[in-house]
Amino acid sequence: MCGIVGYTGTNEAAPVLLDGLAKLEYRGYDSAGIAVMEGDALQVVRRRGKVAELAHTVGHFALTGTCGIGHTRWATHGRPSEANAHPHSSCAGDIAVVHNGIIENFADLRDELAQRGHTLRSETDTEVIAHLIEEAWGASPSGSSEASGLAEAVRIASMRLVGSYGLAVTSAREPGVIITTRRDMPIIVGRAADGSYVASDAIAVLRATRDVVYLEDGQLARLSPEGIEYFDGHGKTIAPQTTHISWDMDVAEKGGYPDFMLKEIHEQPRVIRDTLAGRLVSGHMEIDELDMTSEELNLIDRVYVIACGTSYHAGLIAKEMIESWARIPTEVEVASEFRYRNPIITPTTLVVAVSQSGETADTLAAIRDARIKGARVFGITNVLGSPVARESDGVIYTKANKEIAVASTKSFLGQLVSLTLLALLLAQSKGKMRMNQIRLIFRELADTAEQVERILSDQSAIEEAARACVNATSALFVGRGMGAAIAREGALKLKEISYLHAEAYAAGEMKHGPIALIDEGFPVIAIATQSAVYEKVVSNLQEAKARGALIVAIATEGDEEIVKHADHVIYIPKVRDALSPITASVPLQLLARSIAVMRDCDVDQPRNLAKSVTVE
Ligand code: AGP
């Protein structure tokens, strides 16, 4: 979603800000803007649309100045427009604010501020912050004066805010200074030889520094060209810990691929290997970061997996494994529903929160709720130190590394591998599987890395199937058992990046309604890999074929029978059913991408979507 970047130092600020904003584009946005201190005045430039358009306008203004803040906005309050784009300014125009998050009491604050003579010029919740700072600093229409400087004014103003925020603020009254603070939104601060940096995502500052401070809720930082000071919520000086970022800058480059999605799909064998590294020690499963003994794990008698979108689909697959291997009743719920329900939670309930970004607002709220109710929470996330990691009792990192394309691919595979490990660990702790069986599955899991490499090495059948589907207006994805869950992920991938309507059904449900959709050439994409339900899936395909469907089957190598029932067959290596989601989801990712490319869609940044959904 929205992105923040700020810089104060010895270089021109505008190019630094625009470069940072370009790095944040992957998060999804609809408008962008920067504010730069030029002489003794703040110059604000905002645009609806892409950062490249903003850069063009900034070039036109030839902005000079070495301190500034920038923002990419994903609209929540007020439509995407220049007036609603950040930075927002105070009445006097000498304070500029960029904000991620949602100010829940903004309507009351607007009324109050208007009554006290402030003029608000946008429809956003953010603008109230600029005016509250103005008041706290004593230059407001009402003339109140409490704060001695910008940092204090921001601290006082933020006490009025209900909701979530990551803020960067600069002012012509304290040139060269940026104040940043946060609640429930990430803020990263870093120091380099040429100055001080702030961003909402480490990727925007990585070119300058790898040693950063992740601000905690309520903390503030005061950035100047000379250095950075940190304060707690009472204004007392603190010395927070620095974190070293080890992942490489090349994650932010396409590395010769036409888009990030394809690059990330090709990284999946590496993700599988890295996620498995060190998990089988002397023949035993070990996940130390979960911080729970085998005895404690043995007491778990109910599991909830909570997640959203693709991560939710990983949860559906985990349910099959946990129930079948560890014999623990498992429910999978979308976090946005779970948080408002009254689920049965006891001290022996385990909640597994799955989130690539580790920032998803609904998942975070569900974690907090589950912990209050007494559950033990395990997070499965891709982002070190993310809110999900910090707020869970234990965490498994998926080792996918930064994912840039909005559509989750390598993270999904990392989640599947991590959840398989968790299911095996629970089975081991509960004594429900023999150790040699666990070791065998672990070895087969490791083999999927090479199997995925084989799938990636020849994509011709996928391309051909994509060409057959490209002009469709809708598609059905079907499967049974594990295949039903994979079908859901396949449908989500297709609709989010190609804008082609797609639905997923358990294949046995087709005759209860969706079969009515099928007419000549209607694409039905079937997960028809070898499993106990293979014959049943084939029967369902025959029903669809009889009504004119164009069948694309994901099938197991060596299955010659399937060609009789399908128009296009995409073969994948033979694996046990439990591991089939890992291999079968790869051709579905490639299929969705190929169709999207053929339909001329922006594969990496699909319309209306954000990489991290940090609002409810
Ligand atoms: C994935 O392709 C989607 N863009 C989306 O469904 C995503 O999985 C969902 O928003 C959850 O995100 P998270 O894993 O970061 O919590």
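**Close-ups of a predicted model**

**View 1. Meet Y197, a buried tyrosine.**
Its relative accessibility is 7%, so Y197 counts as buried (under 20% relative accessible area; exposed is over 50%, partly exposed is in between, with a 1.4 Å probe and protein chains only). This is a predicted model, in which local features need pLDDT of at least 70, side-chain atom pairs need 80 or more, and totals for chains, interfaces and linings use all residues. Numbering runs from 1 along each chain as its sequence is written, and side-chain values use heavy atoms, with hydrogens and water left out.

**View 2. Y7 and Y197 make a tilted ring pair.**
Rings of Phe, Tyr and Trp (its six-membered ring) pair if their centres lie within 6.5 Å; planes under 30 degrees apart are stacked, over 60 edge-to-face, and the rest tilted. That rule gives two aromatic pairs. In this one, the ring centres of Y7 and Y197 are 4.9 Å apart and the planes meet at 50 degrees, so the pair is tilted. Y7 belongs to strand β1 (residues 3-9) and Y197 to strand β10 (residues 195-199), so to speak two distant parts of the chain, 190 residues apart (helices, H or I, of at least four residues and strands, E, of at least two are DSSP runs, numbered from the N terminus). Y7 is buried as well, with a relative accessible area of 0%.

**View 3. Y304 and F338 meet edge-to-face.**
Here the centres sit 5.4 Å apart, with 65 degrees between the planes. Y304 comes from strand β18 (residues 302-307) and F338 from helix α10 (residues 335-338), 34 residues apart along the chain. Y304 is buried at 2% relative accessible area, and F338 is buried at 0%.

**View 4. Two arginines lie over aromatic faces.**
R173 lies over the face of W137, 4.0 Å from the ring centre. R607 does likewise with Y499, at 3.8 Å. For this, NZ of Lys or CZ of Arg must be within 6 Å of the ring centre and within 35 degrees of the ring normal.

**View 5. A ligand sits among 15 residues.**
S311, S355, S357, T360 and E496 come nearest (a residue is near if one of its heavy atoms lies within 4 Å). The shell splits into five nonpolar, eight polar and two charged residues. Helices α9 (309-326) and α16 (482-498) each supply at least two of them.

**View 6. Ligand oxygens face polar protein atoms.**
One ligand oxygen is 2.6 Å from an N or O atom in the side chain of S355. Q356 brings a backbone N or O atom to 2.7 Å from a ligand oxygen, and K493 a polar side-chain atom to 3.0 Å. Taken alone, the ligand exposes 410 Å², and the protein buries 92% of that.

**View 7. Here are some backbone oddities in loops.**
Most residues other than glycine have a negative phi, and most peptide bonds are trans. D291 has a positive phi of about 55 degrees although it is not a glycine. D291 sits in the loop between β17 (284-285) and α8 (294-298), and counts as exposed at 55% relative accessibility. R327, also not a glycine, has a positive phi of about 55 degrees. R327 lies in the loop between α9 and β19 (330-334) and is exposed, with a relative accessible area of 56%. Then there is the cis peptide bond joining H86 and P87, with omega about 0 degrees. P87 is in the loop between β4 (67-73) and β5 (88-89).

Technical notes:
Polar contact = N/O pair within 3.5 Å; in protein donor to acceptor, adjacent residues only side chain to side chain. Areas by Shrake-Rupley, 256 points an atom, 1.4 Å probe, with all protein chains shown as cover. Nonpolar A, V, L, I, M, F, W, Y, C, P; charged D, E, K, R; others polar.
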